[in-house]
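Here's a quick tour for anyone opening this structure for the first time. Have a look at the sequence and the model, then work through the notes below.

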Amino acid sequence: MVKNVQVLSEPLENRKGTLYFDGVSTVELAETYDTPLYVVSENRIRSNYQRLYSALAHNYEKVKVYYAAKANSNMSVLKILEKEGAGLDAVSPGEVFMALTTGFTPDRILFTGTSVRNDELKFLVDSKVTVNVDSLSQLDRLLKLTAPKILSVRVNPEIGAGHHDHCITAGKNTKFGLWEDDALKAYAAAKRAGVERFGIHMHVGSGILEVEPFLLALDKLLGTAEKVHDKLGINFEFVDMGGGLGVPYKPEEKPLDLTVFSEKVLSLFKSKVAEYGLGEPFFCVEPGRYLVSDACVLLTAVNTVKMTPYRKFVGVDAGFNTLVRPTMYGSYHHILAANRLNAKEQETYDVVGPICESGDALAKDRRLPKIEEGDLLAVLNAGAYGFAMSSQYNARPRAAEVLVRNGKCVLVREREQLDDLVAGQRMAE
Ligand code: LLP
């Protein structure tokens, strides 16, 4: 019991051995909505947003938090953050469409795509969202369509970080952003074309629990901003530091200390902005994971317990079709036996899914209580890049999503049915 207690902080709760999530019994949720099931806490998303916003606003007046919709683009999640006052970071026309549909006005949407098509650029121009260009080629093609009112350039600050190689988005080996010389060319070309308002942007990577990489990269970004300002007389309306704020996945990991983060990042920001004479730009961040990760659990039922001479397997109904992070990045997600919270962790299992690949494991060598068929497992921190990266692989309909709003449950995405597997397909004659 002691082992489990350490990870049970809000919105998780142990009530007589049963896991409650934001005040609701996970066992009842599984009975009502079936599994696999993503359960999202509205209150937790709100408090994550408010905690981050106020930590930043404490040190600087002009702050904007853009939610990176790629982490979780359920419309109810978008709406919660829209109501909180967030902006939205979109990476595809689809995300722009979803944001507009949810009620974000175009001036609150920043598009940061890579390898963008011409028809997509046209859609962005027509939608009147701010475009953050990722290459000289993209800028060139954009300027052929229009000189936008406001434009931002994604700069590669040459310092990357992240929880996995796939998630490091700055530095030598990345496809993202413009190197400083090209960034200068981009601003010059945009100015020549008649653009008058500007922003500057970077994104270091994803899942960063230290402040240092942000500081090094922000220092470099502001240096680039100074050159642009000096050489081209350009002023910046905003400086966007990108997302990437990490969350603890393992019980022993410490959360990012937001007070320290805000203090260090914003004192660097303020001193450089003053030193370089950059005026008073907005300071923007665009977190995905930080806002939604711990606001969601994935509930999955145990189908099989299977012993071989070498391993003990718990077979559940969520595989990498439902949550791909463990398979794709080797990511750790803490797992609780939702109906046995008071039982001692006495076994070591691989928790595996129904997908026909050996890489289909949610956890390996995981200490858990003795598990039986019919038990319910809760996979924690499933709100970011969980449902968003799920698929129909092995012809498995995707999971349902439920939102807990002030103790009431709302089905916010229906479970897909077998018919959904053939939707849009045509049988060739
Ligand atoms: N801004 C930009 C330009 C980004 O590319 C990303 C994430 C974010 C913001 C938000 O990053 P966050 O705050 O969520 O770390 N599927 C991976 C994460 C990929 C993130 C890609 N870009 C995972 O499950 O860890």
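Lys 83 counts as exposed because its relative accessibility is 60%, and exposed means over 50%. Keep in mind that this is a predicted model. Lys 83 sits in helix α4, which makes that helix a handy place to start.

**Helix α4 and its ends**

- Helix α4 covers residues 75–84, and its buried residues are Val 77, Leu 78, Ile 80, Leu 81, Glu 82 and Glu 84.
- An α-helix has 3.6 residues a turn, so residues three or four places apart point the same way.
- At the start of α4, Asn 74 lends a hand: one of its side-chain oxygens comes to within 2.8 Å of the backbone nitrogen of Ser 76.
- Just past the other end of α4, Gly 85 adopts a positive phi of about 105°.
- How far apart in space are Lys 83 and Ile 234? Going from C-alpha to C-alpha, they're 33 Å apart, with their positions 151 residues apart in sequence.

**Salt bridges**

- How many salt bridges are there? The count comes to 25.
- Glu 84 pairs up with Arg 46 in a salt bridge, with the closest N and O atoms 2.7 Å apart. Since Glu 84 belongs to helix α4 and Arg 46 to helix α3 (residues 42–57), the pair ties together parts that are 38 residues apart in sequence.
- The two partners differ in how covered they are: Glu 84 counts as buried because its relative accessibility is 18%, while Arg 46, at 23%, counts as partly exposed.
- Glu 13 and Arg 15 also meet through their side chains in a salt bridge, at 2.9 Å from N to O. Glu 13 is partly exposed, with a relative accessible area of 33%, and Arg 15 counts as partly exposed at 36%.
- Then there's Asp 365 with Arg 311, a salt bridge at 2.8 Å, N to O. This one links distant parts of the chain, 54 residues apart: Asp 365 is in strand β17 (residues 361–368), and Arg 311 is in the loop between β13 (296–307) and β14 (312–316).
- Arg 311 counts as partly exposed, with 29% relative accessibility.
- Salt bridges with shared partners join Glu 42, Arg 46, Glu 84 and Arg 405 into one network.

**Charged residues tucked inside**

- Glu 401 is part of strand β19 (residues 400–405). Is Glu 401 buried or exposed? It's buried, with a relative accessible area of 2%.
- Remember Asn 74 from the start of α4? The side chains of Glu 401 and Asn 74 are joined by a polar contact of 2.8 Å.
- Leaving out neighbours within four places in sequence, Glu 401 has contacts that include Leu 37, Tyr 38, Asn 72, Phe 387 and Val 410.
- Glu 401 and Lys 250 are 151 residues apart in sequence, and their C-alpha atoms are 24 Å apart in space.
- Arg 415 is found in the segment after β20 (408–413). Arg 415 is buried but has no salt bridge, and the nearest side chain of opposite charge is Asp 34, 4.7 Å away.
- What does the side chain of Arg 415 reach at 2.9 Å? It's the backbone oxygen of Pro 36.
- Beyond residues up to four places away in sequence, Arg 415 touches Tyr 33, Asp 34, Thr 35, Pro 36, Leu 37, Arg 398, Ala 399 and Ala 400.

**A buried threonine in a loop**

- Thr 112 lies in the loop that runs between β7 (109–111) and α6 (118–127).
- Thr 112 counts as buried because its relative accessibility is 7%.
- The side chains of Thr 112 and Asn 132 share a polar contact of 3.0 Å.
- Not counting residues up to four places away in sequence, Thr 112 touches several others, among them Asp 89, Ala 90, Arg 154 and His 201.

**Around the ligand**

- The ligand is surrounded by 20 residues, and the closest are His 163, Ser 206, Arg 325, Tyr 329 and Tyr 385.
- Backbone atoms join in too: a backbone N or O atom of Gly 244 lies 2.8 Å from an oxygen atom of the ligand, and a polar backbone atom of Gly 288 is 2.9 Å from a ligand oxygen.
- For Arg 289, a backbone N or O atom lies 2.8 Å from an oxygen atom of the ligand.
- Taken alone, the ligand exposes 590 Å², and the protein buries 93% of that.

Key: Residues numbered from 1 in each chain as written. Predicted model: local features only at pLDDT ≥ 70, side-chain atom pairs only at ≥ 80, totals over all residues. Heavy atoms only, no water. Helix = DSSP H or I, 4+ residues; strand = E, 2+ residues; numbered from the N terminus. Buried < 20%, exposed > 50% of the residue type's maximum accessible area, 1.4 Å probe, protein only. Lys, Arg positive; Asp, Glu negative; His and termini not counted. Salt bridge = Lys/Arg side-chain N within 4 Å of Asp/Glu carboxyl O. Polar contact = N/O pair within 3.5 Å; in protein donor to acceptor, adjacent residues only side chain to side chain. Contact = heavy atoms within 4.5 Å. Near = heavy atom within 4 Å. Areas by Shrake-Rupley, 256 points an atom, 1.4 Å probe, with all protein chains shown as cover.
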